Amino acid sequence: MFTADEPERPPSFQLLAARKNANAGDDWQWARMEWIGNDEAGGCLIEGGVPNIDHKGRARWTGVALEKVFVTAAQERMQRELYRQQTGKCDHCAGSAQQHAGWSHDAGNKYAPCKPCGATGKPGHELSINKA
Ligand SMILES: [Zn+2]
């Protein structure tokens, strides 16, 4: 069901923005995430912290003080833009030209040609930090 040649997936841009807002490093993980609103004023309320890792490598939150961080839609877009500038890859498919298109019990992860980049794997030009 799970194959080693799954296409590369981009990082969670909400998580990257949350780490920045929390002034935290790569060991900061989200425990809970809640979407608030669905427009420009909306965003993502993320509760997270630095979990304990058990012997199987799983995050364990018992006894960990959680911090609430709000990530706005604009902050998430900024992380996407940084990713595209730094990697030269499409932020939807991580350059693989394949976009995650759901999961089923039988087939596992399903992928489809990435629409935002036209299956080129290169960043689109629909938005830019440098735009005046
Ligand atoms: Zn793409």
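**Notes on the two-domain model**

1. To start with the overall layout: the C-alpha centres of domain 1 and domain 2 are 22 Å apart. This is a predicted model, and the chain splits into domain 1, covering 13-87, and domain 2, covering 89-125.

2. The sheet with strands 1, 2 and 5 is a good place to begin. It is an open sheet of 3 strands in the order 1-2-5, and the pairing is antiparallel. Strand 1 (29-36) and strand 5 (67-72) sit at the edges with a single partner strand each, so each has one side with no neighbour in the sheet. On average, neighbouring strands here are turned by 25° against each other, if you ignore direction. As general background, strands of a sheet pair through backbone hydrogen bonds, either parallel or antiparallel.

3. For the register between strand 2 and strand 5, there are 6 bridges to work with: they join strand 2 (residues 43-49) to strand 5, and the two run antiparallel. If you want a residue pair to anchor on, Gly48 stands opposite Glu67 in strand 5.

4. Two helices go with this sheet. Helix 1 lies across strand 1, strand 2 and strand 5, at about 120° to strand 5. Helix 2 also packs on the sheet, where it touches strand 2 and strand 5, and its direction makes about 75° with that of strand 5.

5. Now the helices against each other. The axes of helix 1 (residues 13-21) and helix 2 (residues 73-87) come within 8 Å and cross at roughly 105°. Since 65 to 115 degrees is the range for roughly perpendicular, that crossing makes helix 1 roughly perpendicular to helix 2. Helix 1 contributes Phe13, Gln14, Leu16 and Ala17 to the contact, and helix 2 contributes Gln75, Glu76, Gln79 and Arg80. By type, the residues of this contact come out as 3 nonpolar, 3 polar and 2 charged.

6. How many of the 9 residues of helix 1 are buried? The count is 7, so helix 1 is largely enclosed by the rest of the structure. The buried residues are Phe13, Gln14, Leu15, Leu16, Ala17, Ala18 and Arg19. They pack against strand 1, strand 2, strand 5 and helix 2. After helix 1 comes Asn23, which has a positive phi, near 55°.

7. Arg80 deserves its own look. This residue is found in helix 2. Is Arg80 buried or exposed? Arg80 counts as buried, because 20 C-beta neighbours lie inside 10 Å, and the cut-off for that label is 20 or more. Leaving out residues up to four places away in sequence, Arg80 touches Phe13 and Asp91. Put beside the domain bounds, Phe13 belongs to domain 1 (13-87) and Asp91 to domain 2 (89-125). Arg80 and Lys68 are 12 residues apart in sequence, with 22 Å between their C-alpha atoms.

8. Last, strands 6 and 7. Strand 6 (residues 98-104) pairs with strand 7 in the antiparallel sense over 5 bridges. The two form a hairpin, with 3 residues between them. One bridge to note is the one from Trp103 to its partner in strand 7, Asn109. As for burial, strand 7 (residues 108-113) is hardly covered: 0 of its 6 residues are buried.

Key: Residues numbered from 1 in each chain as written. Predicted model: local features only at pLDDT ≥ 70, side-chain atom pairs only at ≥ 80, totals over all residues. Domains from an automatic or database assignment. Axes fitted to C-alpha atoms, helices over the stretch in contact; angles between N-to-C directions. Helix = DSSP H or I, 4+ residues; strand = E, 2+ residues; numbered from the N terminus. Parallel < 35°, antiparallel > 145°, perpendicular 65-115°, else oblique. Contact = placed C-beta atoms within 7 Å. Nonpolar A, V, L, I, M, F, W, Y, C, P; charged D, E, K, R; others polar. Pairing = 2+ DSSP bridges. Buried ≥ 20, exposed ≤ 12 C-beta atoms within 10 Å, placed from the backbone.
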